[in-house]
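The exercises below are meant to be worked through with the sequence and the three-dimensional view side by side. Try each task before reading its solution.

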Amino acid sequence: MNTPDPLTTGAPPNTGVPVVLAGARGHGRWHLENIRRLQDKGIVRLAGVCELTPLTPDEIPEGLGTPEQSADFGALLDSTGARIAVVCTPIPTHTDLALTAAGKGVHLLLEKPPAPSYAEFRRMADGVAEAGVVCQIGFQSLGSHAVPAVRRMIGDGVIGEVAGVGGAGAWARPEAYFRRAPWAGKRRLNGVDVIDGALTNPLAHAVATALTLAGVTRAEDVAGIETELAHANAIESDDTSCVRITTAAGRPVVVAATLCAEDPDDPYVVVHGSHGRITFWYKQDRVLLQRGGHGPEEFEYGRTDLLENLVDHLTDGADLLVPPAATEAFMRVVEAVRVAPDPLELPADAWHRLPGEDRRVVPGVDGLVAAAADTLALFSELGAAWASPTAHPKGVDT
């Protein structure tokens with residue numbers, strides 16, 4: 001990793017590290033609010049916004065002033081003197097924008113998924129490393145203090161020998177969600193990979209967090225991947241899917257996800273041990289420990305913001321929480337989804353529409369998702385007639 005650099009050298013006092021945000025609408029609004037929070041603390045300063053259509057004054061949160069705006073990302077980095085770029089743009093643009101920033105010596109917070117294919121991920125990660133800049137991947141759940149705490153519990157043998165890790169995400173999205181952008185719900189657009197599926201985008205945190213708790217982060221930690229991809233909505237990509245990653249140690253990591261839940265709930269990851277289990281609701285930073293001979297124990301943890309961590313890494317040498325190397329195994333999953341056969345279209349009798357909520361529901365899918373995480377089994381193994389497994393030995397060739 002690079003040695004810390006004095007980002008604020010020559011800057012006026014208390015103005016914070018200059019940041020450019022690329023992609024300020026949609027999820028980018030969260031980044032705007034977060035930058036405002038950190039700007040209020042004097043940590044960063046919003047120097048510029050890159051959008052094809054400039055933000056209106058009403059779209060800029062109060063307190064952020066009037067940042068420079070341009071559709072030309074490289075020119076904006078030059079004119080603002082940005083030292084950090086936050087990239088929250090469509091998935092297929094991540095690699096090129098990251099390399100543009102890296103070529104100008106600008107450090108990065110890159111939204112997840114970092115790329116739509118393993119090849120593009122490698123091009124990004126290798127290019128960033130060659131340029132000597134720092135890149136943080138935006139898996140906010142990995143900033144939770146619960147992650148190292150659970151890893152310590154596992155290492156201390158609190159639940160005995162680990163048998164595997166499960167993940168469950170039962171969410172709901174209206175049909176309009178899949179019309180929010182031209183790339184939404186697409187596997188490819190104009191011949192370019194997008195891979196906007198349940199496992200790879202909205203519930204990517206469940207996959208990345210499950211892998212991290214399993215100690216599986218590098219590409220070589222993955223021995224094989226099986227996918228079952230389906231959709232109830234009128235889209236190309238998957239909205240109801242599961243994946244089983246076989247680790248190099250021979251343990252399974254199974255994550256099941258749907259955007260068609262009957263009763264949507266917070267996603268979670270569960271570590272199965274020979275003497276108990278640990279459940280982690282990663283959006284809540286909440287952990288439940290259940291083990292033989294003890295009553296249930298619940299813990300709540302804090303969280304380190306990834307942009308703040310990036311600044312701390314660059315200025316004070318703090319450990320970077322989510323460098324690209326920590327997401328290699330996750331990107332193996334993205335690659336497995338990318339090369340899998342197109343997701344199965346669920347038959348008309350397998351789902352129904354909730355008109356009042358403008359969304360499609362798959363009856364029984366909530367229990368199916370929970371059962372997959374609990375038993376480490378795929379949908380097809382749990383009796384879902386529409387599920388069809390696709391295996392990818394050795395984590396997918398790249």
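Four exercises follow, all on a predicted model.

**Exercise 1. Describe the surroundings of Glu 111, and decide which side chain of opposite charge is nearest to Glu 111.**

Step one is to place the residue: Glu 111 sits in the loop that runs between strand 5 (107–110) and helix 4 (118–131).

Step two is to list its neighbours, and, leaving aside residues up to four places away in sequence, Glu 111 touches His 27, His 31, Val 87, Cys 88, His 94 and Gly 138.

Step three is to look at charge: Glu 111 is buried yet has no salt bridge, and the nearest side chain of opposite charge, that of Lys 112, is 5.1 Å away. A salt bridge requires the nitrogen and the carboxyl oxygen to be within 4 Å.

Step four is to look for another polar partner, and here the side chains of Glu 111 and His 31 are joined by a polar contact of 2.8 Å.

**Exercise 2. Work out which residues of helix 4 are buried, and what they pack against.**

Begin with the helix as a whole: helix 4 has 14 residues and spans 20 Å from its first C-alpha to its last, close to the 20 Å expected at 1.5 Å a residue.

Next, pick out the buried residues, which in helix 4 are Tyr 118, Phe 121, Met 124, Ala 125 and Val 128. Viewed down the axis of helix 4, these buried residues fall within an arc of 125°, so they line one face of the helix. The general background is that an α-helix has 3.6 residues a turn, so residues three or four places apart point the same way.

Then turn to the face away from the buried side, where helix 4 carries the exposed residues Ala 119 and Glu 130.

Finally, follow the buried residues of helix 4 outward, and they are found to pack against helix 3 (94–103), strand 5, strand 6 (135–137) and helix 8 (328–339). After helix 4 comes Gly 132, whose phi is positive, near 80°.

**Exercise 3. Apply the approach to helix 5 (residues 146–155), and find which of its residues are buried and which are exposed.**

The buried residues of helix 5 are Ala 146, Val 147, Ala 149, Val 150, Met 153 and Ile 154. Down the axis of helix 5 they fall within an arc of 165°, so they line one face of the helix.

On the face turned away from that buried side, helix 5 carries the exposed residues Arg 152 and Gly 155.

The packing partners of the buried residues of helix 5 include helix 6 (204–213) and strand 7 (162–170). Just after helix 5, Gly 157 takes a positive phi of about 75°.

**Exercise 4. Among the salt bridges, find which parts of the chain the pairs Lys 104 with Asp 78 and Asp 96 with Arg 123 tie together.**

The structure holds 25 salt bridges. In one of them the side chains of Lys 104 and Asp 78 meet at 3.0 Å, N to O. Lys 104 lies in the loop between helix 3 and strand 5 and Asp 78 in helix 2 (residues 73–80), so this pair ties together parts that are 26 residues apart in sequence.

For the second pair, the side chains of Asp 96 and Arg 123 meet at 2.8 Å, N to O. Asp 96 belongs to helix 3 and Arg 123 to helix 4, so the pair ties together parts 27 residues apart in sequence.

As a contrast to work through last, Arg 338 and Glu 335 form a salt bridge (2.8 Å, N to O), and both lie in helix 8, 3 residues apart, about one turn of the helix.

Definitions and conventions: Residues are numbered from 1 along each chain as its sequence is written. This is a predicted model: local features need pLDDT of at least 70, side-chain atom pairs count only at pLDDT 80 or more; totals for chains, interfaces and linings use all residues. Side-chain values use heavy atoms; hydrogens and water are left out. Helices (H or I, at least four residues) and strands (E, at least two) are DSSP runs, numbered from the N terminus. Buried means under 20% relative accessible area, exposed over 50%, partly exposed in between (1.4 Å probe, protein chains only). Lys and Arg count as positive and Asp and Glu as negative; His and the chain ends are not counted. A polar contact is a pair of N or O atoms within 3.5 Å; within protein, one must be able to donate a hydrogen and the other to accept it, and residues adjacent in sequence count only if both atoms are side-chain atoms. Contact means heavy atoms within 4.5 Å. The expected span of a helix is 1.5 Å times one less than its number of residues. The arc is that of the directions from the helix axis to the C-beta atoms.
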